[in-house]
Number of protein chains: 2
Amino acid sequence: MKTPADVEEPRWLTDDEQHAWQAYIQASMLLEDHLDRQLQRDAGMPHVYYGLLVKLSWAPRHRLRMTELAEAAKITRSRLSHAITRLEKNGWVRREDCPSDKRGQNAVLTDEGFEVLKKAAPGHVEAVRSAIFDRLTPEQVGQFGDICRIIADGLQPEGADLPWLR
Amino acid sequence: MKTPADVEEPRWLTDDEQHAWQAYIQASMLLEDHLDRQLQRDAGMPHVYYGLLVKLSWAPRHRLRMTELAEAAKITRSRLSHAITRLEKNGWVRREDCPSDKRGQNAVLTDEGFEVLKKAAPGHVEAVRSAIFDRLTPEQVGQFGDICRIIADGLQPEGADLPWLR
DNA sequence: AGCCATTTCTTGAACTTTAAACTAGTAAGC
DNA sequence: GCTTACTAGTTTAAAGTTCAAGAAATGGCT
């Protein structure tokens with residue numbers, strides 16, 4: 001046999017794939033950097049932290065269990081724990097014991113946090129818009145969403161909340 | 001006047017834009033996390049550091065000026081400086097004075113660094129492929145590349161290396 | 001009830017990143 | 001030649017992230 005299974009030549013990326021991949025890396029680096037600076041300047045927090053406030057503002061009663069928030073934001077619970085500690089020091093979020101499960105904690109968006117969010121939102125949308133959506137056709141926006149969703153879904157633990165399907 | 005210029009309602013994202021934006025955030029979080037873990041496990045370094053070795057391996061004589069490498073990888077010079085210090089401790093890169101400019105430094109990929117890279121590459125390509133390219137149609141790969149390039153180009157200092165055009 | 005595995009969240013240390021200040025060398029104007 | 005401005009790269013300290021370990025509560029299972 002010329003190429004035994006354990007010495008198989010890897011399936012390298014085609015030129016198109018390689019170019020797309022490099023473009024993605026550059027776009028994501030520049031974008032994270034851009035948004036982090038914008039929000040650090042205008043709202044005093046990095047983009048991920050802003051995202052946490054957004055998720056909380058979308059939740060009923062402006063509160064979410066730590067694990068739910070971590071899953072929604074796609075970050076580890078450890079990272080979230082540190083982040084909430086910091087946001088709590090800013091007075092933008094507070095922790096609250098979960099009544100039904102004594103292990104649980106709710107992260108609650110404070111009124112002050114909500115104000116900060118409302119104040120920062122317009123500038124942030126403008127930054128996102130001018131970096132991305134003002135540059136894409138409506139068709140491309142659709143394609144972009146589809147592609148990102150495929151990638152995101154592929155990386156989720158398939159039946160994370162449906163263990164019997166695994 | 002009903003809405004003075006300084007109280008203009010921000011141009012919020014449309015539903016399509018909002019969905020695409022959330023999908024992007026999720027995809028990029030999950031992807032960075034996935035690749036960081038994969039490379040940390042298989043090569044002992046985070047994804048950005050691996051990217052630096054890749055750029056060096058592509059450069060003539062496996063070396064690049066610090067500033068060029070920082071620009072290629074879209075990271076700050078400070079970040080690069082720290083990263084190279086760490087990679088130098090691993091013996092995968094070494095610094096070399098630039099002959100023509102006494103301020104300058106070249107980052108040089110060592111033979112050992114090149115070996116580490118060659119050993120890690122197949123696993124990494126496989127990770128990228130299975131997370132992204134195996135899930136997209138060839139058409140989508142093209143769209144993805146185009147869109148990312150538009151975003152990346154939009155965030156570059158327009159004539160960074162053509163100051164007379166600014 | 002008692003036991004064991006699991007879940008929830010936090011912690012501390014190591015590591016990475018950022019922002020700003022700093023050193024040293026180059027370049028431009030006079 | 002001297003001054004001034006700029007460029008290349010590093011350094012420091014603070015902020016953020018990861019990893020592994022740990023405390024506390026829950027949920028079966030017997």
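1. In this predicted model, the two protein chains meet over a surface in which 60 residues of chain A are in contact with 59 residues of chain B. The area buried between chain A and chain B comes to about 5600 Å², and carbon and sulfur atoms give 72% of that area.

2. Charged and polar pairs also occur across this interface. The count between chain A and chain B is 6 salt bridges, including the one that A:Glu126 forms with B:Arg11, where the closest N and O atoms are 3.6 Å apart. In addition, 10 residue pairs are found in polar contact across the interface of chain A and chain B, with both residues at pLDDT 80 or more.

3. As to where the side of chain A that touches chain B comes from, the elements that give two or more residues are α1 (15-43), α2 (47-58), α3 (66-73), α5 (111-131) and α6 (138-155) of chain A. The largest share, 18 residues, is supplied by α1(A). Sorted by class, this side of chain A holds 34 nonpolar, 14 polar and 12 charged residues, which may be read alongside the 72% of the buried area that carbon and sulfur atoms give.

4. Turning to the nucleic acid, DNA strand D is surrounded by 21 residues, and the closest are drawn from both chains, namely A:Ser78, A:Arg79, B:Thr67, B:Arg95 and B:Arg103. Of the atoms of DNA strand D within 4 Å of the protein, 67% belong to sugar or phosphate, while the rest belong to bases. The residues of the surface near DNA strand D divide into 10 charged, 8 polar and 3 nonpolar.

5. Several arginine side chains approach phosphate oxygens of DNA strand D. An N or O atom in the side chain of A:Arg79 is 2.5 Å from a phosphate oxygen of that strand, the corresponding distance for A:Arg86 is 2.9 Å, and a polar side-chain atom of B:Arg65 lies 3.0 Å from a phosphate oxygen of DNA strand D. At least two residues of the surface near DNA strand D are supplied by each of α4 (77-89) of chain A, α3 (66-73) of chain B and α4 (77-89) of chain B.

6. DNA strand C is surrounded by 20 residues, of which the closest are A:Thr67, A:Ser81, A:Arg95, A:Arg103 and B:Arg79. Among the atoms of DNA strand C within 4 Å of the protein, 64% belong to sugar or phosphate and the rest to bases. By class, the surface near DNA strand C consists of 10 charged, 8 polar and 2 nonpolar residues.

7. The individual distances to DNA strand C involve both phosphate and base atoms. A polar side-chain atom of A:Arg37 lies 2.7 Å from a phosphate oxygen of DNA strand C, and one of B:Arg86 lies 3.0 Å from a phosphate oxygen of this strand, whereas the side chain of A:Ser78 has an N or O atom 3.1 Å from a base oxygen of DNA strand C. The elements that give two or more residues to the surface near DNA strand C are α3 and α4 of chain A together with α4 of chain B.

8. A final point concerns annotation. For chain A, an unreviewed UniProt entry lists residues 17-153 under "domain: HTH marR-type". Over residues 17-153 the chain is 71% helix and 9% strand, and the end C-alpha atoms of that stretch are 20 Å apart.

Notes. Residues numbered from 1 in each chain as written. Chains lettered and ligands numbered in written order. Predicted model: local features only at pLDDT ≥ 70, side-chain atom pairs only at ≥ 80, totals over all residues. Heavy atoms only, no water. Contact = heavy atoms within 4.5 Å. Buried area = accessible area lost by both parts, 1.4 Å probe. Salt bridge = Lys/Arg side-chain N within 4 Å of Asp/Glu carboxyl O. Polar contact = N/O pair within 3.5 Å; in protein donor to acceptor, adjacent residues only side chain to side chain. Helix = DSSP H or I, 4+ residues; strand = E, 2+ residues; numbered from the N terminus. Nonpolar A, V, L, I, M, F, W, Y, C, P; charged D, E, K, R; others polar. Near = heavy atom within 4 Å. UniProt positions renumbered as here; feature names shortened; annotations may be inferred.
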